[in-house]
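Biologist: Could you take me through one part of this model in some detail? I would love a look at how its interior is packed.

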Amino acid sequence: MEGAANGTLHPSCGATEPPYSLELLRNLDLAGVFLFAMLTLMTLIANLVFMEEVGYIYRKIPSSKRSILIWINAAAPVIATTSCIGMWIPRSTMFTDFTAAVFFAIVIHKFLLMMINECGGQKLFLRRFENGCFKISTGPCCCCCLCLPGVRITRRTLLWLKLGTFQFAFFRPVFMFLSIVLWTNGNYSPYDLSLEGAAIWINCFIGILTIIALWPIGIMFRQVRAILNCKKIIPKFALYQFILILSHLQAAIINILGMQRIIPCVPPLSSSARGAYMTQQLLIMEMFLITLISRVVYRRRYDDLEPPECTPEESGDNKQTPKIILNGAVTEDGLLGI
């Protein structure tokens, strides 16, 4: 601050664009080189753990569940990889952040489908909860509106929940494409949050779509939490929430501090570029830990779980074992008791 007052502000502190990767690497000291090496190694290990988990999923898990589980497990390694690329090449930050955000938008939709799939699929889900209601007074939209009535669980309401998450998976890439088009024309900059810039308006629309997408996840989780407790749905939901908070809320807070120059400039990184730089380093470490935890939470044999609860009529039918009387001997399932 004293240097700025004396007019000795470094030119890079007033730059609107991050430095080139070669310029950044030349200014690294020994500690910086060690940090880069460790974070890159963490990213590599996270991807290797994920690849090993993919092999386990293909060997041990039914084909109907493979695609969804691979998408969800890939969230942390993909974010770690995009953050590592953005760390090495600072000017690619906009593209790496967009890629990670689009991928996680699809993961949000996949997580909703996973909860339905864990209940046995849509048909069994509707049969199980045919007389129940969705409690819609949940976050992030209506957590304070406790007086809202429940909504009956039908095929139509389940479709609306799916559309709530699918719209984000669809519109997030659309807004990404629009941002890149405006950026090529000089109308978009992720560091320009003025009312005249396009970034503030696009981010507001994305924020609204995000809240709409998270609402069905909260509604579905409250509905299936007790039933899927044996399938570790609570730690899975916690991991999903951690990825959401760290990759969106944490990143937004740090980037705002950088753009307001609360984070000091350290040449060759300006305040905003250093904020993005810190976000990427934190995300690599956090996603590395989440990848290791996800391997423990998601690694289990689906065939060994107890079958989903049946309706009272079905359970009564299952308890009655067909019996046949043959020559005075009572047999079950048509087989003679020997």
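Modeller: Happy to, and I'll begin with methionine 115. Beyond its neighbours within four places in sequence, methionine 115 is in contact with Ile217, Met220, Phe221, Val224, Leu228 and Ile233. Please keep in mind that this is a predicted model. Met115 also belongs to the largest nonpolar core, which has 65 residues; together with Phe111, Phe125, Met220, Tyr240 and Met287, Met115 is among those that touch the most other members. Helix α6 supplies the largest share of this core, 14 residues. There is also a second, separate core of nine residues, with Leu39, Cys84, Met87 and Tyr277 among them.

Helix α6, residues 93-118, has another role in the packing: α6 is included in what covers the buried residues of α4, as are α3 (30-60), α5 and α11 (271-298). The residues buried in α4, which spans 63-73, are Lys65, Ile68, Leu69, Ile70, Ile72 and Asn73.

Now to helix α5, which covers residues 75-88 and contains alanine 75. Is alanine 75 buried or exposed? Alanine 75 counts as buried because its relative accessibility is 1%, and the cut-off for buried is under 20%. Leaving out residues up to four places away in sequence, alanine 75 touches Phe103, Phe104, Val107 and Ile243. For one of these partners there is a backbone distance too: the C-alpha atoms of alanine 75 and valine 107 are separated by 6.9 Å, with the two residues 32 apart along the chain.

Methods: Residues are numbered from 1 along each chain as its sequence is written. This is a predicted model: local features need pLDDT of at least 70, side-chain atom pairs count only at pLDDT 80 or more; totals for chains, interfaces and linings use all residues. Side-chain values use heavy atoms; hydrogens and water are left out. Helices (H or I, at least four residues) and strands (E, at least two) are DSSP runs, numbered from the N terminus. Buried means under 20% relative accessible area, exposed over 50%, partly exposed in between (1.4 Å probe, protein chains only). Contact means heavy atoms within 4.5 Å. A nonpolar core is a set of buried Ala, Val, Leu, Ile, Met, Phe, Trp, Tyr and Cys residues joined through side-chain atoms within 4.5 Å.
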